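Me: Could you take a close look at one helix pair for me? I would like to see how the two helices meet, and a little of the chain around them.

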Amino acid sequence: MDLKIPNPVRPAFDKVDNPDAIIVNIGPSHPATHGTVQIIAALDGEKVLRTDVHCGYLHRGFEKECESHTWHNLIPYVDRLNYCSALINDFAYCEAVEKLMGVEITPRCKYLRTLLSEYSRLADHMTCIAAALMELGAMTAFLYLVTIRDYVYEHLADLTGARVTYSYGRIGGLARDLPDGWLRRLEEILVQYDEWVGRIHALVDRNRIFIDRMRDVGVISTADAINWGYTGPILRSTGAPRDLRKDTPYLAYAELDFEVPVGIKGDNYDRYFVRMREMDESVHMIRQCVDLLDEKGQGPINVDDRRCTFPEKELVYTEIESLITHFKLVMDGPNVPAGEVYSAHEAANGELGFYLVSTGGGVPYKVHVRAPSFVHIGGTHLMLDGYQLADIVPTFGSINMIGGECDR
Amino acid sequence: MGADVFDLIRERLAPRVREAGLSHGILALQIAPAELLPVVQELKAQGFDLFLDVTAVDWPGQDPRFEVVWHFYSTTHKVRVRVKTRVAEQDPAVDTLVPLYGAARIMERECHDMYGIVFRGNADLRPILLYEGFVGHPLRKDYPKQQEQPLVPYRK
């Protein structure tokens, strides 16, 4: 069969001045590109002269799809943005809708969301570091980190019923309260985390091969990082202590004691180390949240507001008002007043913002996601150009581009 | 902390801004398309160094049809500003912000993909999330959700 497939991308350049240079295509189906990104690189020998990075291979029309579902029905979709830390997406989205509705969540919900956000950040950073280390050949380190991540996933499955895409946030609350013994198991996992992550530090921190591959590779300055819209661990690795949890505290972060770890020069090693230190801070915050839950976080997890909260199932079957509320919430969706809102959380990769426009009623008029990964891809060439071809792999790994949120 | 810089911006930009107000803690400025560059230059001078986002909202039946929306964040004042302007369907063009913010480059490409907004001066408006040769702008309200344009024909 004569099938001609047109090229989906037009490269930014098809020739370079250097007569020795060649242009090669890396990805989108290459193991080191995590399956969804394409890098067109001009090479002089092993040296990268110029790169053109393309994303979009995971585009699935998320924002278009959102315009024809009720506000509640979007929660499973937002889970699939950054699928390594789906709960943070849930909570950022729910908070944006709650701002539009003028809903204030209960204290228990606030502490639980904070705890689970940090727990998700832990899993996300572990995934990133594990993948980046494995791409450098550190299989043992990968297995150590994925072991502990699997404990976290199984533990979250006990709470939410799913390992990765939880659909656990609700507008005005959460899907369900903690099961018995959940916090006890949490502490066990945190103790094991310390032990396993200690081994990672021992394996790679002063490892000559690791340092040679990571130190002074993929360097970005603070000024460049800010100019190119970088947020999250990448911006912090350049030495700028910018963290929305400190700068514009949301949820319960104002009540928590934590540090914002920063790097020295914004290279791959700093990005690795900032993430490792952030995980320690997350564990510290999780323990504080457990105490706060006990002290101030008793009571209901959902607000008592019929515009958004589903009534108890038992009442739906026995009481006409609850039945109607349930029916209206399912069929029409929560009644969100007209308006617009931009609300951002510090996700594992950086500023995750939701820009929502409502014209009133149960279905959004527009949902736009400010996805950190997408912005980061826009400046990736700064960290690739001028280094070796082999450096693309660890640099790209340390950027932690997540296709789900980048391509939407 | 944010209130001071908001007052300062409102005062300095008063002649250029049609409407200014607070929206959930964000200063929202409504401007004419021609005022974009001077307004953003002033914002940058006041410390709004992080270009967060640019997107558009389609209001079919209204004139001008498209609302282009930018968000900026100040890493010193730790507050956000939203800038909005309206452009008509016949000539949906605004000035590019690439000379001021590198991050605008990729996000303007996305906005061009999805809404067909033209950013004058951005030389690189190639498709980013869509593919070369894609017809139409999928986030416009008149683009049917179910419409398919497969690059590779489906197997029979």
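Reply: Happily; here is the helix pair, after a short look at its chain. This is a predicted model, in which local features need pLDDT of at least 70 and side-chain atom pairs count only at pLDDT 80 or more, while totals for chains, interfaces and linings use all residues. Residues are numbered from 1 along each chain as its sequence is written, and chains are lettered from A and ligands numbered from 1 in the order in which they are written.

Chain A has 17 helices and eight strands (DSSP runs, H or I of at least four residues for helices and E of at least two for strands, numbered from the N terminus). Of its 408 residues, 52% are buried, meaning that 20 or more other C-beta atoms, placed from the backbone, lie within 10 Å of the residue's own.

Now to your pair: the axes of α11 (residues 268-295) and α16 (residues 392-399) of chain A come within 9 Å and cross at roughly 35°. These axes are lines fitted to C-alpha atoms over the stretch in contact, with angles from 0 to 180 degrees between N-to-C directions. The crossing of α11(A) past α16(A) is left-handed: the near helix is turned anticlockwise from the far one by less than a right angle. On the α11(A) side, A:Asn268, A:Arg271 and A:Tyr272 touch A:Pro394, A:Thr395 and A:Ser398 of α16(A), with contact taken as C-beta atoms, placed from the backbone, within 7 Å. By class, the residues of this contact are two nonpolar, three polar and one charged (Ala, Val, Leu, Ile, Met, Phe, Trp, Tyr, Cys and Pro are nonpolar, Asp, Glu, Lys and Arg charged, and the others, Gly among them, polar).

Beyond the pair, chain A also meets chain B, with 38 residues from chain A and 35 from chain B in the contact.

Notes
A residue is buried if 20 or more other C-beta atoms lie within 10 Å of its own, exposed if 12 or fewer, and partly exposed in between; C-beta atoms are placed from the backbone. Two residues are in contact if their C-beta atoms, placed from the backbone, lie within 7 Å.
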